[in-house]
Amino acid sequence: MSGVQYLRPTSLAEVQACLQQHPQAQLLAGGQSLLAAMRLGLTQPSHLVDLQDVPELQDIRVTDDGVWIGAMATHARIAAHPEIQQHHPMLAKLAHGIADQQVRNVGTIGGSLVNNDPAACWPAGVLAYDATLFTSQREIPADQFFTDLFTTSLHAGEVLLGVLWPACASAQYVKYEQPASRFAMVGVAVTRTTRHDHSPVRVAITGLGNGVTRWPEAEVALQAHWSVQALNGVHLSAELAHTDVHASASYRAHLSAVLCRRAVAAHTGEDAQLPRPTPSSTPRAPASRVLKDRAHSATQPTNNPTAISGSHHLGQTVAVVWDAVLDPVVLQQCIPGCESIQRLSDTQYTAVVKVGLGPVSARFETQICVMPLCTPSQGEPAVCRLHLSGHAGSLGQGEAEVVVQLRAHATGTSPAAQGTHLQWQATPQMSGQLAQLGNRLMQASARSLSTQFFERLARVLSGQDASPPKRGFFSAIAEFFRHWHPLIFRK
């Protein structure tokens with residue numbers, strides 16, 4: 001960090017001038033993630049542009065039409081603002097529930113929104129409110145701002161100025177948090193408005209693992225009848241959630257429904273209609289027996305919580321898809337940032353992949369080993385296993401075991417119209433400093449990026465441009481640089 005220059009502009013114009021003059025500079029909006037990354041040597045910006053003295057980013061204004069919150073307003077300041085507490089109590093409650101007092105005193109709403117952590121609270125509030133985000137270049141509706149994990153629609157050099165929250169008849173945010181980090185295991189925001197230019201009811205969920213998302217089925221049910229009973233029979237699909245060491249996908253989906261009902265009940269006063277846990281008539285097992293059972297369970301085989309999977313339908317035959325998976329030219333097209341790839345043998349490849357995401361720029365020496373288990377000529381389905389290993393020097397190593405299965409399926413009414421159903425399962429692992437960045441982030445990132453890799457393969461096989469996705473499979477490693485588990489640095 002000794003070579004980094006510190007800049008402290010006092011106006012938005014100076015901020016933009018700093019970014020234009022120093023392309024490798026990074027904005028400092030609280031530093032909860034960026035400074036931790038710099039301490040570990042995972043990013044080295046040329047300059048830090050501190051935004052705390054920019055008055056255009058500090059203002060909080062409450063009017064009859066809503067509330068404006070500047071990007072550099074801290075969580076603590078929002079939580080303690082008397083007019084927000086009176087007119088927008090959900091926002092004050094949400095801000096007060098973030099992390100601990102020390103983090104709330106430093107962290108900012110703008111930093112949280114731009115970071116777009118898949119378990120952060122503010123994105124759920126913004127999406128449920130249908131708020132508008134103002135930048136140095138344009139206005140962005142909430143539905144268009146959050147594009148992917150740790151990714152927003154902001155352009156390079158674009159600065160978030162603040163958020164305009166519209167007036168709302170009622171709003172509630174309820175979360176079930178992880179006790180250590182206070183990130184949302186699941187958080188649900190429900191709003192209701194009488195404005196004709198907004199959806200009457202909006203439900204936003206954070207913590208599922210894919211990033212903040214709306215729940216359309218719950219919105220439709222609540223628009224038809226504004227009550228807890230309207231949610232009877234409405235269930236969130238477990239496919240929208242991720243499984244990790246903290247919770248399964250099915251548990252997160254169930255918890256989302258429970259929290260949504262609690263949020264609505266807080267609006268309508270129907271708390272008495274919510275189900276309550278009943279005391280069990282079964283005697284509680286002695287503590288010694290519980291510990292013994294846990295020890296026994298730990299030795300039994302279980303489903304790997306780090307495994308991720310997906311499937312795609314391709315218009316080409318199994319033989320064509322098989323050849324593409326083994327073709328280094330196709331592989332290079334499907335791996336964004338791939339500078340070179342060399343075929344060492346029929347099953348061994350080496351590649352150089354340069355990853356540049358946000359403040360991170362790293363070059364990975366990647367080894368790829370393809371092990372055919374059942375070729376197309378041997379019968380159906382064809383199966384191959386890929387072992388991918390990316391080394392980033394002192395940062396550590398990322399690996400993944402990927403099993404790809406190809407099965408023929410009909411693509412039309414003609415028996416001759418044959419396509420391929422591709423199924424894959426990957427088990428990513430991290431070592432070195434990369435392993436410190438959190439299993440929650442690894443699973444969320446790897447799932448999304450693995451899907452994008454195979455989507456690119458589908459585009460290549462259909463003759464389309466393979467470049468649109470922003471990240472590729474190997475870039476999953478770099479996603480973990482974008483956010484840091486608070487416990488790692490809370491010393």
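This is a short guided tour of the structure above, stop by stop, with something to select at each one. Keep in mind as you go that the model is predicted.

**Stop 1: the whole protein**

Start with everything shown as a cartoon. The protein has 491 residues, and 53% of them are buried. Colour by secondary structure and you should find 17 helices and 21 strands. Switch on a surface next: the accessible area comes to about 22,600 Å², with 52% of it belonging to carbon and sulfur atoms. If you like contact maps, here is a number to go with one: among contacts with a separation of 6 or more, 59% are between residues 24 or more positions apart.

**Stop 2: helix H8**

Select residues 122–129, which make up helix H8. How many of the residues of H8 are buried? The count is eight of eight, so the helix is largely enclosed by the rest of the structure. Show the side chains and you can walk along them: Trp 122, Pro 123, Ala 124, Gly 125, Val 126, Leu 127, Ala 128 and Tyr 129 are the buried residues here. Step just past the end of H8 to Asp 130, where the backbone takes a positive phi of about 55°.

**Stop 3: Trp 122, Trp 165 and their rings**

Keep Trp 122 on screen and add Trp 165. Their rings form a tilted aromatic pair, 5.7 Å from centre to centre with 55° between the planes. This pair ties together distant parts of the chain, since Trp 122 belongs to H8 while Trp 165 sits in strand E10 (residues 160–166), 43 residues apart. Both Trp 122 and Trp 165 are buried. Now add Tyr 129: ring pairs link Trp 122, Tyr 129 and Trp 165 into a cluster.

For the surroundings, expand the selection around Trp 165. Beyond its close sequence neighbours (up to four places away), Trp 165 touches a long list of residues, including Asp 65, Ile 69, Leu 91, Ile 109, Gly 125, Val 126 and Ala 131.

One more ring pair deserves a click. Phe 145 and Phe 146 meet edge-to-face, at 5.1 Å centre to centre and 90° between the planes. Phe 145 and Phe 146 are both buried. The protein has four aromatic pairs in total.

**Stop 4: the nonpolar cores**

In soluble globular proteins, nonpolar side chains tend to be buried together. Which residues have the most contacts inside the largest nonpolar core? Select Ile 69, Ile 78, Ile 84, Leu 113, Trp 122, Val 126 and Trp 165 to see them; the core has 42 residues. H8 gives the most to this core, with six residues. Then move on to a second, separate core of 35 residues, whose members include Trp 322, Ala 324, Val 370 and Trp 424.

**Stop 5: strands E11, E12 and E13**

Select residues 184–192 for strand E12, which is mostly covered, with eight of its nine residues buried. Add residues 170–177 to bring in E11, which runs antiparallel to E12 and is joined to it by eight bridges. One place to zoom in is Tyr 176, whose bridge partner in E12 is Val 186. E11 and E12 form a hairpin with six residues between them, and in the turn Arg 182 has a positive phi of about 65°.

Then add residues 201–206 for E13, which is antiparallel to E12 and joined to it by six bridges. Here, Ala 189 has Ala 204 in E13 as its bridge partner.

**Stop 6: Gly 157**

Select Gly 157 in the loop between strand E9 (151–152) and E10. With a relative accessible area of 43%, Gly 157 is partly exposed. Apart from residues up to four places away in sequence, Gly 157 touches Leu 19, Ser 136 and Gln 137. A C-alpha distance to try is Gly 157 to Gln 20: 7.6 Å in space, although 137 residues separate them in sequence.

**Stop 7: His 313**

Finish at His 313, in strand E15 (residues 308–314). Is His 313 buried or exposed? Its relative accessibility is 57%, so His 313 counts as exposed. Outside its neighbours within four places in sequence, His 313 is in contact with His 409, Thr 420 and His 421. Draw a line between the side chains of His 313 and His 421 to mark their polar contact of 3.3 Å. For a last distance, pick the C-alpha atoms of His 313 and Gln 423, which are 8.8 Å apart in space and 110 residues apart in sequence.

Note on methods: Residues numbered from 1 in each chain as written. Predicted model: local features only at pLDDT ≥ 70, side-chain atom pairs only at ≥ 80, totals over all residues. Heavy atoms only, no water. Helix = DSSP H or I, 4+ residues; strand = E, 2+ residues; numbered from the N terminus. Buried < 20%, exposed > 50% of the residue type's maximum accessible area, 1.4 Å probe, protein only. Contact = heavy atoms within 4.5 Å. Polar contact = N/O pair within 3.5 Å; in protein donor to acceptor, adjacent residues only side chain to side chain. Phe/Tyr/Trp six-rings, centres within 6.5 Å; stacked < 30°, edge-to-face > 60°. Core = buried A, V, L, I, M, F, W, Y, C linked by side-chain atoms within 4.5 Å. Pairing = 2+ DSSP bridges. Areas by Shrake-Rupley, 256 points an atom, 1.4 Å probe, with all protein chains shown as cover.
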